[in-house]
Amino acid sequence: MTIIDRYMLRQYLWTGVICAISILGLYVILDSFTNLDEFLRYAEKHGGLLRLLGSYYACQAVMVFDRAAALIALITAMFTVTWIQRHQEMTALLAAGVSRARVVVPVVAASCAVVFLAAANRELLIPRLRDQLSRRPQDLPGDQPQMVTPRYDYQTDILLRGHAAFRERKRISEPNFLFPPKLSDYGRQLVAEEAFYEPAAAGRPSGYRLVKVKKPEGLTELPSLKLGDRPVVITPRDAPDWLAPDECFVVSEVDFDQLYGGSAFRYFSSTRQLIVALRNPSLEFGADLRVAIHSRIVQPFLDITLVFLGLPLVLRRDNRNIFLAIGLCITLVAAFLAVGIAFQQLGNIYYISPAFAAWGPLMVFVPIAVWLSESFWE
């Protein structure tokens, strides 16, 4: 690593830290003042306000970095190059026989590192913090009821629904499961006071334990319902060792996360988890999830392309005006996001394929980036 590389990386790191702190600080100020009443109410019962804000926004910082990583990489790269041009350092390097391409190599390398760090954060850290990230300031303890998103189990055709869902113990209040005609021997509805999701364990399938069954009456004394040889609704008569007399168990591979929190599962899951959910025979997703999976794969390449679009805009004009660099950056990001959103919406409504919806922006912007990058070799 040469002196030029170390100098450029130091400038890049310093600018990047300032940019990241500025974006995070702006988010914290706006969000905390908007929800200050909720924070004060919860802090009175669970410790001090500063400790609460620190723990909450430490998790939120992970999400902010994921959403802003491409912008941070672009702004930092453009500001670093603009700064050395403003102080005539680029001119001195060119006079010494160092090409523009050689000068920006460490900037490009550092930007790629930021992009792939964001990808690692998206795939490894965010899924581990999904519960904390899905909580809003109005529900910091995680004990507030959330709307249940009704889901069909496409293996059994049972509609899973309920009054409210609680993250604590993966509980559903007032579950009301609707049975298809082929499972309606005891009635079309299964109603209970509560239901708890239980993963597969010790030879028992995954599904929902319904407690204090109300309807149909006498179900707990009847034999289990089956589809072929597979039990679907297990009653205490056939499983007295692990079911209480007023309980029953509905076998399902639709886990609690699919019913709780709406779209939080898609935003806060890793690509592997999304693919597993897509292959789950009990679930049926539209084109939006397929677009999301392809977008996860292509996102690092899009972020790097955005950097290669921004740097030539600074180098081509030998721009020394920082405010002009800000304007170019905002315009570029707005155009980039507009094209990306347009392709995704077309994919979500089945107008184009999910793969093309994700890869289309790359096909649009890569040739432009290559054309603009001619300034690197001047």
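A salt bridge, as I use the term here, is a side-chain nitrogen of Lys or Arg within 4 Å of a carboxyl oxygen of Asp or Glu.

**Entry 1: salt bridges**

I am working on a predicted model. I applied the rule for salt bridges and got a count of 12. I then looked up several of them.

I began with D257 and R167, whose side chains form a salt bridge with an N to O distance of 3.0 Å. I noted that the two residues are 90 apart and that the pair links distant parts of the chain. D257 sits in the loop between β10 (247–251) and α7 (264–267), while R167 sits in the loop between β3 (164–166) and β4 (171–173). I looked up their accessibility and found both D257 and R167 buried.

My next pair was E193 and K212, which meet in a salt bridge at 3.8 Å, N to O. E193 belongs to strand β6 (residues 189–198) and K212 to strand β7 (residues 207–215), so this salt bridge ties together parts that are 19 residues apart in sequence. I wrote down E193 as partly exposed, because its relative accessibility is 35%. K212 is also listed as partly exposed, at 42%.

The side chains of R204 and E198 make another salt bridge, at 3.2 Å from N to O. R204 has a relative accessible area of 22%, so I count R204 as partly exposed. E198 has 15%; buried means under 20%, so E198 is buried. I also found that E198, R204, R209 and E247 are joined into one network by salt bridges that share partners.

**Entry 2: helix α11**

I checked the length of helix α11, which has 19 residues (354–372). At 1.5 Å a residue the helix should span 27 Å, and I found its end C-alpha atoms 29 Å apart, which agrees. I also looked for a bend: α11 bends by about 30° at G360, and the proline P361 follows within four residues. Both G360 and P361 are on my list of buried residues in α11, which also includes P354, F365, A369 and L372.

**Entry 3: two single residues**

I looked up T82, which has its place in helix α3 (residues 49–86). T82 is buried, because its relative accessibility is 1%. Its side chain reaches the backbone oxygen of M78 at 2.7 Å.

I then turned to F301 in helix α9 (residues 287–316). F301 has a relative accessibility of 42%, so I put F301 down as partly exposed. I compared its position with that of V366, which is 65 residues away along the chain, and found 9.6 Å between their C-alpha atoms.

**Entry 4: nonpolar cores**

Which residues touch the most other members of the largest nonpolar core? I found that they are Y12, L74, V81, V103, L309 and L311, in a core of 39 residues. I listed the helices that each supply at least two residues of this core: α1 (3–34), α3, α4 (89–95), α5 (100–128), α9, α10 (322–348) and α11. The largest share, 10 residues, comes from α3.

I followed up L309 and left out residues up to four places away in sequence. L309 touches L332, F336, F365, I368, A369 and L372. Of these partners, F365, A369 and L372 are also among the buried residues of α11.

Apart from the largest core I found another, of 32 residues. Its members include Y197, L259, L274 and L289.

Methods: Residues numbered from 1 in each chain as written. Predicted model: local features only at pLDDT ≥ 70, side-chain atom pairs only at ≥ 80, totals over all residues. Heavy atoms only, no water. Buried < 20%, exposed > 50% of the residue type's maximum accessible area, 1.4 Å probe, protein only. Expected span 1.5 Å × (residues − 1). Bend = angle between axes of the 7 residues up to and from the residue. Polar contact = N/O pair within 3.5 Å; in protein donor to acceptor, adjacent residues only side chain to side chain. Core = buried A, V, L, I, M, F, W, Y, C linked by side-chain atoms within 4.5 Å. Contact = heavy atoms within 4.5 Å.
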